[in-house]
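User: Please take a close look at a single part of this model, and set it in its surroundings as you go. I would like each cut-off stated where its term comes up.

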Amino acid sequence: MSRRLIAFVLTTSLLAGCRPVTTVGKLDARLTSAPNAQDLAALAQEARNAAQQATDPKDRVAYYRIAAVAAWHAGAPGKAAVLPISAAGAAACDALPAKDMTAPRDCSLIRLAAPLAVQDDLARDLITLQHQLPGTPGAKLPAADFARLQKLFTQFETQFDQVAAIRAGLAHLDVRPELTVGTDRRWLIIYCNAVKAWSLSGDVEDVPMAEFSDMAQRKKTMSERLEAHGVTNDCRTITATQTAGTDL
Amino acid sequence: MTAVQLRADDAAKKHEASAERGIEVGGALMIQQWADGKGPVGAMGRMVLSLTDIALEFVGANPSLLGIGGDGEKLVAALAANLSEMIPDDAEDFGGKSQLAERFVGIMLRAGLKTLNDQPDWVVRTTDLQQLVKHTLPPLIAALPEKLSEQSQWRDVADALLGPAASAAMATVAANPSAFLGATFDPHRAMGALTQAMLREACRTGLKQQFTETGFVALYTATLGVAAERPELFVGRPGTPTEQLAVDLFGEVAGALKASPPPFDKDLGAHLAVAVLDAVKDNGLNFLDASAPWESAVGAMALQVVDGLKVALTDPATGGIKSVFTQRQLLEFARIFLAQAAKTPAMIAGGNMELQAIVGGVAAAMSQDKDLLLTPDDWLTIAAVAVEEGAANPQRLFPTAAGSLGVGAELLKDLLAVATAECGGGRNAGGVLFGVTLREAMVLALRTAAGNVKAAAEYQAALKDLAKTLSEFVRGHPNQYGSEQWLVLYRHLIPRVLQGGAMGTLTKRQINTILGRGAST
């Protein structure tokens, strides 16, 4: 292992860096013009490429934010890219001089994209299961679905935790109130979807009560965390299982 | 850096160029990716940059680690040798696996360099590290699930566990150099399978619901120890290849312990399974139920001990032994029984419930110690004697017959009852039957009765009376007799009671004779 070679590689990589051919503003405009899913997925790739070529660290983060949000909003066509982009973007944020404080909105959205995209994917699975429950009174799902619902609940809970951590960070960042309000709304949606998964798990044959009660306790813990942050934990305001939306 | 090394190695292998020339060519190719302005850096380049960053972090603080022949250099070389296998098909699209590969390689390098730096005395071979990387990282990258939610989970779990796992694996390689030389079955393959199995199980159950990171890493480390010491256990069977065996091992342990009473349903249960795995490593499979695959028997074995403790853990009326023991002591308590079972496999073979009966008997006595007359360490000593005597004298002190705790447990409870009554007056009353004295009395009772349980059962009341009589006597003569004399008298008089029943009245003269003080003292 030669230190000279390490230095050589690093130096040349810096010297050889190329400026992206596009700009943050242009890509942002495309992001907000509500293109279709395929266009969003393409935009995510384009922005990711721009991020990799960007020499200015703040620009790099801005490109990653566009890429992450576009991949998330693209839904199915973008879902293969959203986690890698979010992870690369988070690393770019960590490399900023004052980390997320240098680009608070961009970094917050980069970090939110992953759990919100996963939540959307989970919500689609939940809807599928909800539709499998026969409409007749007293109808039950097969016992085997309990494990699926339990897993869904746990995965919603994981996304809830991840958004909670990002939400806590917002308090220390200079971000517009709309971002915090929007984050809280999505935090509540994740919670409500977890509640729906738990509730549906009570509609399977031979519910294992110990595990059902365990989920109930965990649901309560989530509810208390929402309350502690001043978020009304009323799922009646969430009319149906829904994905996290794209208006952040 | 590693890509350069790889290109150099590949070229040298093909006799296309010397390794040195390969480095130059590889470096040039790599730089070309950026210099042409063709677009983003390729997968290999990204990985190289990531590795270079991490290596540079360590070069500053630990120059010798990455010096020529240093362990760090060997690790980098090991990663380099496997780099091409870790670049997935979706690399050029910056796909999930590609990004995951960079991430995993980074985690392993960082954890590995830190571990090697913390253990400068270790001598690890490049080939071992190469094999370790080869059998660990590429399968993990390839196993990235399709579904987004599962991908997210896979990443989270790997972020939490892969670093500690890499450290544990390197520690195992360094601690067992001979295990990895010339084995019929390559233990590296088992290590790779175990790494993947642990991550899969953590994905399945999460890192909060049952085992945390600590529990998983403890289990994983113990399984690595078994793989290094007894690699033949991981050869697999028809229909159960190594990889499936590893998955079953983690799954069965988690499944068996999931329904255990708290706190064994969480990390403490994992640590108990670690004790079983350590016993497998040291003693082989003799003590496990041969009717089931060994990977299933590990969890079942841990469960036998937990079942023995169940009443004492869950009965609110007894106060529960949880209030006596810390979690560490509770684990130590369970380990004592497991260690004896490993030495005496017949205790649990063929569904024999002897171990469970002994655990249950001691735990039942413990739960009567509401005044905490004995310390947790005292109870650990008593447990060790109980299981030793129980193992040496089957079906005597702690029989498996339903409806009875056995004379062993009854003797312990009687002594506790006498001690509790005696100590009711507090220290000013002058009683001595507590703490070390009580502990030694219990040890004496168990050891003596083990060889004559018929008499112990028949004269159980007389034995209790003996303890009571001695306690009253010593308490009544605080200036002449104390704890030591109580124990000498008890040791001397137990056999007499077992031979002939009640002692009747003890005179001071008789007592002094026994104590060798002369009748007139």
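Analyst: In chain B, contacts (heavy atoms within 4.5 Å) between residues at least 6 apart in sequence join residues at least 24 apart in 74% of cases. This is a predicted model, in which local features need pLDDT of at least 70 and side-chain atom pairs count only at pLDDT 80 or more, while totals for chains, interfaces and linings use all residues. Residues are numbered from 1 along each chain as its sequence is written, chains are lettered from A and ligands numbered from 1 in the order in which they are written, and side-chain values use heavy atoms, with hydrogens and water left out.

Chain B contains 22 helices and zero strands (DSSP runs of H or I with at least four residues, and of E with at least two, numbered from the N terminus). Of the 521 residues in chain B, 56% are buried (under 20% relative accessible area, against over 50% for exposed and in between for partly exposed, with a 1.4 Å probe and protein chains only). The exposed area of chain B is about 20,700 Å² (Shrake-Rupley method, 1.4 Å probe), with 52% of it supplied by carbon and sulfur atoms.

Chain A, for its part, has nine helices and zero strands, and 51% of its 248 residues count as buried. For chain A, 75% of the contacts between residues at least 6 apart in sequence join residues at least 24 apart. Chain A exposes about 11,200 Å², of which carbon and sulfur atoms supply 56%.

The part to examine is the second largest pocket (an open set of points on a 1 Å grid over the protein atoms alone where a 1.4 Å probe fits, with protein on both sides within 12 Å along at least five of seven lines, lined by residues with an atom within 4 Å of a point). About 610 Å³ of space lies in this pocket, and its lining counts 22 residues, those nearest its centre being Gln150(A), Glu211(A), Asp214(A), Gln209(B) and Lys258(B). The helices that each supply at least two lining residues are α7 (145-170) and α9 (209-228) of chain A, together with α9 (187-205) and α11 (242-258) of chain B. Helix α7(A) gives the most, with five residues. Sorted by class, the lining holds nine charged residues (Asp, Glu, Lys and Arg), eight polar and five nonpolar ones.

Contact between the chains also appears at Ser149(B), a residue of helix α8 (residues 148-175) of chain B. Apart from its neighbours within four places in sequence, Ser149(B) is in contact with Val118(A), Asp121(A), Leu122(A) and Gln155(A). Ser149(B) counts as buried because its relative accessible area is 2%.

Elsewhere in chain A, helix α2 (residues 24-32) has Val24(A), Leu27(A) and Leu31(A) as its buried residues. These residues lie on the same side of α2(A), because they cover an arc of only 75 degrees around the axis (taken from the directions from the helix axis to the C-beta atoms). The face of α2(A) turned away from that side carries the exposed residues Lys26(A) and Thr32(A). Cover for the buried residues of α2(A) includes α3 (37-53) and α4 (57-73) of chain A. Helix α3 of chain A is also the place of Leu40(A), which counts as buried because its relative accessibility is 7%. Although Leu40(A) and Ala67(A) are 27 residues apart along the chain, their C-alpha atoms are separated by 8.8 Å.

Methods:
Points joined across faces, edges and corners; volume = space filled by probe spheres on them.
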